[in-house]
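Biologist: Hi! Could you walk me through this one?

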Amino acid sequence: MPPSVPRSDAVSPESAGSCPMDILRVIACGSVDDGKSTLIGRLLCDVGAIPTDELTAAQRDSVRWGTQGGALDYALLLDGLTDEREQGITIDVAYRYFGTPRRRYIIADAPGHEQYTRNMVTGASTADAAILVIDAQRGVRSQTRRHLHLLWLLGVRHIAIAVTKMDMEGWLQSRYDELAAEVCTFAVKAGVPTPVAIPIAATVGANVAKSGKEMPWYNGPTLLGYLEQIEPVDKRRPDGALRLPVRPDQVERVGAVAAGGEQRRDGHPRQEGGGSHGSLRGGGAGALRPRWVSRRGTSWRTARAGRAA
């Protein structure tokens, strides 16, 4: 059964953009099947951000789609696509919103499959903080390392390592210490400051929003406690560094295009219509003349550092 908690003042996509309180944008990432959706679903339940009708629907769907033997499958609160529920994986980035007395949150649940890495990059491009999930049974995998490196490249400076499914490992401190040391060693080699590692069992809520009595040897923050203490950094600075992610795309009645986003470089605005265009080869240098800048169908005259296209 889900935790019996009062519902908080959950924030909607519309109010998240206009609320005067601090807003922290968080991405949950990591390798496939490591428990990202379950963890975020449990967090949303623990803070009371799931409406009663949605929770009732998830309980009903857990009997058909769930992996918990008929008990509430918290992952179903995030995996809304039919293919996601049938395959038990996350494909698209799912955004959820909630609030605490401290601040508002926008959490992106990113897919873990290698083929959907670009979806993870989309979610991380605007994140202030990240939850990198590691299955205590499976350990650190290649996609775990890849996501950690991408987070750092995309400017995410607050990273929590959530070592999940500790209940499946008998709550052993030795297993937690082993995984925390492994991921921290890789982080140092990749140039990433040592992240915070938190042992978690999402299905029972241990160290998600409340401390887990099952792990008395751990005296660090809960996942929510860690997020609450973060001071977000405003990435939308006019002197921000240039980052231009480009991907091949297909546009109806247009054909193949290179889609991406433009930001400022070296403190100087890029002049509209300036530069040259032509063919580019890997490893080469050149300039592109943007024909338009748009986001979700809305045209913009300019794009600024920190804004996702």
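Modeller: Happy to; we can start with the overall make-up and then go through some side chains. Keep in mind that this is a predicted model.

Biologist: Sure. How many helices and strands does the protein chain have?

Modeller: The protein chain has 8 helices and 10 strands. Of its 309 residues, 44% are buried. Among contacts with a separation of 6 or more, 68% are between residues 24 or more positions apart.

Biologist: Nice. On to the rings: how many aromatic pairs are there?

Modeller: The count comes to 3 aromatic pairs. One of them is Phe98 with Tyr105, whose ring centres are 4.8 Å apart with planes at 10 degrees, so this pair is stacked.

Biologist: Are Phe98 and Tyr105 buried or exposed?

Modeller: Both Phe98 and Tyr105 are buried.

Biologist: And what about Tyr176 and Trp217, how do they pair?

Modeller: Tyr176 and Trp217 make a tilted pair, at 5.5 Å centre to centre and 40 degrees between the planes. Tyr176 belongs to helix H7 (residues 173-189), while Trp217 is in the loop between strand E6 (196-199) and helix H8 (223-228), so the pair ties together parts 41 residues apart in sequence.

Biologist: How buried or exposed is each partner there?

Modeller: Tyr176 is buried, with a relative accessible area of 11%. Trp217 is partly exposed, with a relative accessible area of 24%.

Biologist: Which residues form a cluster with them?

Modeller: Tyr218 joins in: Tyr176, Trp217 and Tyr218 form one aromatic cluster.

Biologist: Changing topic to charges. What sits over the ring of Trp152?

Modeller: That would be Arg157, whose charged end lies over the Trp152 ring, 3.5 Å from the ring centre.

Biologist: And Lys36, where is that?

Modeller: Lys36 is in helix H2, which covers residues 36-46. Lys36 is buried but has no salt bridge.

Biologist: Which side chain of opposite charge is nearest to Lys36?

Modeller: Asp109 is the nearest one, 5.8 Å away. A salt bridge has to be within 4 Å, so that distance doesn't qualify.

Biologist: Then what does the Lys36 side chain reach?

Modeller: The Lys36 side chain reaches the backbone oxygen of Gly30, at 3.4 Å.

Biologist: What else does Lys36 touch?

Modeller: Leaving out residues up to four places away in sequence, Lys36 touches Ala28, Cys29, Gly30, Ser31, Asp109, Ala110, Pro111, Gly112 and Val133. Asp109 is therefore in contact with Lys36, though without a salt bridge to it.

Biologist: Great, thanks!

Definitions and conventions
Residues numbered from 1 in each chain as written. Predicted model: local features only at pLDDT ≥ 70, side-chain atom pairs only at ≥ 80, totals over all residues. Heavy atoms only, no water. Phe/Tyr/Trp six-rings, centres within 6.5 Å; stacked < 30°, edge-to-face > 60°. Buried < 20%, exposed > 50% of the residue type's maximum accessible area, 1.4 Å probe, protein only. Helix = DSSP H or I, 4+ residues; strand = E, 2+ residues; numbered from the N terminus. Lys NZ or Arg CZ within 6 Å of the ring centre and 35° of its normal. Lys, Arg positive; Asp, Glu negative; His and termini not counted. Polar contact = N/O pair within 3.5 Å; in protein donor to acceptor, adjacent residues only side chain to side chain. Contact = heavy atoms within 4.5 Å.
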